[in-house]
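Let's take a walk through a structure together. Have the 3D view open and turn it as you read.

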Amino acid sequence: MTIGSSVKRIEDPRLITGQGQYVGDIKLPGQCEAVIVRSPHAHANILQINTEKAKNLPGVCFVMTGEDLPTDLDPIPMRLAPNEALTKALQYPLAKGKVRYVGEPVALVIASSRYIAEDAADLIDIAYEPLTPITDVHKSILPETSLLHPEIGSNDLFIIHSKKGNVDELVEKCPYVLEEDLYVQRHSGIPMETRGLLATIEENGRLTVYGPTKVVHFNIQILAKLLKKNIKDIHFIETDVGGGFGPRGEFYPEDYLIPYAALKLGRPVKWIEDRLEHMKATNHSREQKHHVVVGFDETGKIHALKDEIFVDTGAYIRTHGVTVPVLTQGMFAGPYDFEALEFITHVVATNKTPTGTYRGPGRFEGTFVRERVIDMVAKKLNMDPTIVRERNLIQPEQMPYSNGISALGQVVEYDSGDYPQILERARLAMKWEEFADKKLQARRDGKIIGLGFAMFVEKSGLGPWEFCEVEFAENGRLICKTGLADIGQGVETALAQICAEQLGIPYSNVTVLHGDTDEIEKGNGSFATRGTVVGGSAAWYAAEALKQKLLSFSSELHGFTKDELDIKDEWIIQVSGGQKICPLAQIIVECQKQGIELREKYTFSIDHMSYPYGIHAAEVAVDSETGKVKIEKYYIAYDVGRAINPMLVHGQLVGGMAQGLGGAIYEELKYDETGQLITGSFMDYLLPSSMEVPEIDIEILENSPSPLNPLGVKGAGEGGTVAVAPAVANAIVNALDQYPIHITSLPIRPEQIRDAIKKGIVTNEVEPL
Amino acid sequence: MTQSNSKEITLTVNGKQYTTSVEPRMLLSDVLRDELGLTGTHVGCEHGICGACTITMDGRPVRSCLVFGVQANQAEIRTVEGLAEPDGSLHPLQEAFWEKHGLQCGFCTPGVLMSACHFLEQNPNPSREEIREGISGNLCRCTGYQNIVDAVEMAAEMLNKNKKSEEETSDLEIVHSGRKVEV
């Protein structure tokens, strides 16, 4: 059995020996390097740009500004959740006349080396006329605020309204109502490798671009359209990629500029994003303000929930359109059975970096708000928060369960799941029953500890389809060509395992090809936890078709019916009795001799997403002097339907948790009131290190295989991230239940905790007067 | 900028001597990657925080983005390309990172390996907490570090076992796993 085994990755030998090939590692003869000059202003008119001095610097070969863009150039279109109303807020590759965020590309400089290109960038003289920057969503939508995209008529670019039942009516009937404002801060994926591209013109005039990833077959269409070239004249090659997480691989201004410059110059042009540049140029994410109203009764049952959400989408609409706002609504209800729901989401423009998706888009935000609200309800009723959760959970017999809200063009319908069971597991794992005593004991020892839970439902396996082609090469290796991208997640190994399982061969005999538009016919790419679900299913069926071909041939050759035969451990065997008939290698050679093509293609289509689910629990200790939070124990249970490689699932969850922890306590892309990004380096933007990320206990469950695909898989990419913030926040509030603390915004700062402790004990429940 | 500004430097990288002419402002990371073609050393932030570009220079780990190439004149440098044996046998750390799934995208890995290599030379029997401290100068965005700690722990055991067998059979070279890597 290959599926279900924690086999070692086939990707690793190259990567651990320094033989990986990331885009920055490629050097082509005659290549020159690009630097982008970016706006230092959040909002300004461009009065004049003088490029003469830069152009005259020895070694400089090309300088261009927004004025030099083709006059008929279209802006960069939306890839997901496209929306006609928002097309007037799309971004052009270089600013024309006006800049709307710090970091917006204003000019492109190309020289024989990056050092000289940076010298030249300093020589470009740009006169700006600063305008009032808009840095807050509420101020942005005031009538007196100037419009960032006047053609849309409002900075409230788009409003999404969805509802189930009548919230207002139900809230009125509820004995308890809670009204809260919550905030999730701006932060993002921040992969360790910055973006980069290398574009070159081949002898036959074709344009080759190294560096695209994630959605190469989609992005090549965008580039062809923008360059007004035939798609056949462009070749995208995915190199090794240093982390995806959502932002990486989308079509950015540079994805047009670098190929355009290569075509203009007729020589290879390379651009490697600087880290300081990355922080303000690559998609931000997450920033949302929520105003929640919840109606509930004395048992803890929540009857109705209304949420008005203000999404700070930044200065332009990028490739994700309104994906994040839409997903926030669709996935907000999580594992709970709420009778009435209503969401009003405002997609608001500001003078900040444009935004897109980041691991668990919409779910990280919604889960923080919802799971905090659950604990607030429990606090108000003086109830155990896990009991409040229990009383609101969707029951297994309600599956499949439609939550009544749409996301990405389909009503959210959970396919399967046992939510009460996973809650019970977490309570047992964290010894919740005994925790009150433990906490009291700790308090006697002068230690402040707390325990918090957060449940979540994830979504995965976004269609509409994925493609796979498998073929036995002459040397007997299986070549698996997938439409997925490898962004570091281990997709090669997972697909090799799936093919190996079908064909009875070692997974190490499989070579997986991806991201090369000449080699791979079509594809939708790697995002939205769709790789193993959709791409894995395509590989499963393609390999199965190939297997059937081999068995047909074997049955004729050896005088069996096809149904009597199978492949196991590289042998054709008889199903009954397991008798070895003939080595697989021999059949392959025989087929090749007879000119039988051992190649099959499969396109796996799927209409509905899958919904993995889980729970996070955190036990924290709070330092009363400094307000520092230490995570003493962290637990995640996640039902992924089925794990192709449990070690990789485990790795996804631990790594995902580290990113979630960053979002909970450390990371923030913070702007000052002038619209300057003040956390634009790794000295200010705090990525969790090995000292901050705790050891994490993971339980991978396979209790609810998805009925929607042949493998039963639900994906594992994002569940480690989405519930960290509320689990940690709830634990801190639990630890400080004697103190005046109310966590409603992220990241949770030590000063907030320290201040609460300094204010002193406010309840007399534990320590009687 | 001009050739006259350049300075000739000689440095030994992974046992091989190189002489090259570089501008005084050129970073060592760029010298290694662009001039010498040793692209195993990665550049993640160029301001000395992420640790992806960590190499050892005269036996000490340094961030090659914070060192000018000219400062490395006459230096002895080791990069990730010099970890495995010339015949391709993996270093125990590489073996352990593979075994324990200590990497995902692999971009930070060369720097982590070089830091860990020096760390284990200094502290051959570390606790998990000490390992965490030892690699805390290297940021990883994929793994959450747990498997990296597992891997360094495993490598420490392997190295100690090797050392023991070396002591027992004094004329033997360090015993590597023998696994060959095809790239």
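What follows goes from a sheet, to the place where two chains touch, to a few backbone oddities.

Before we start, keep in mind that this is a predicted model.

Let's begin with a sheet in chain A. Seven strands make up this open sheet, running in the order β3-β5-β1-β12-β9-β10-β11, and their pairing is mixed. At the edges sit β3 (60-65) and β11 (234-237) of chain A, each of which pairs on one side only. As you step from one strand to the next, the twist averages 20 degrees. Strands of a sheet pair through backbone hydrogen bonds, and they can do that either parallel or antiparallel.

For a close look at one pair, pick out β1 (residues 32-38) and β5 (residues 105-111) of chain A, which pair in the antiparallel sense over six bridges. One spot to find there is I36(A), whose bridge partner in β5(A) is L108(A). Now look for the helices that pack on this sheet. One of them is α3(A), which touches β1, β3 and β5 of chain A and whose direction makes about 30 degrees with that of β1(A). Helix α7 (residues 253-265) of chain A packs on the sheet too, touching β1, β3, β5, β9 (196-201), β10 and β12 (269-272) of chain A. The direction of α7 makes about 25 degrees with that of β9(A).

Next, where do the chains meet? Here 46 residues of chain A are in contact with 47 residues of chain B. On the chain A side, the elements that give two or more residues are α1 (12-16), α3 (114-123) and α17 (646-666). The largest share, six residues, comes from α17(A). Sort the residues on that side of chain A by type and you get 21 nonpolar, 15 polar and 10 charged.

Finally, some backbone oddities. A cis peptide bond joins M399(A) and P400(A), with omega about -10 degrees; P400(A) sits in the loop between α11 (385-392) and β16 (401-407) of chain A. Another cis peptide bond joins G463(A) and P464(A), with omega about -5 degrees, and P464(A) is in the loop between β18 (448-457) and β19 (465-472) of chain A.

K214(A) is not a glycine, yet has a positive phi of about 65 degrees. Is K214(A) buried or exposed? K214(A) counts as buried because 24 other C-beta atoms lie within 10 Å. Over in chain B, Y145(B) has a positive phi of about 75 degrees, again without being a glycine. Y145(B) is found in the loop between α4 (128-134) and α5 (146-168) of chain B.

Conventions. Residues numbered from 1 in each chain as written. Chains lettered and ligands numbered in written order. Predicted model: local features only at pLDDT ≥ 70, side-chain atom pairs only at ≥ 80, totals over all residues. Contact = placed C-beta atoms within 7 Å. Helix = DSSP H or I, 4+ residues; strand = E, 2+ residues; numbered from the N terminus. Nonpolar A, V, L, I, M, F, W, Y, C, P; charged D, E, K, R; others polar. Buried ≥ 20, exposed ≤ 12 C-beta atoms within 10 Å, placed from the backbone. Pairing = 2+ DSSP bridges. Axes fitted to C-alpha atoms, helices over the stretch in contact; angles between N-to-C directions.
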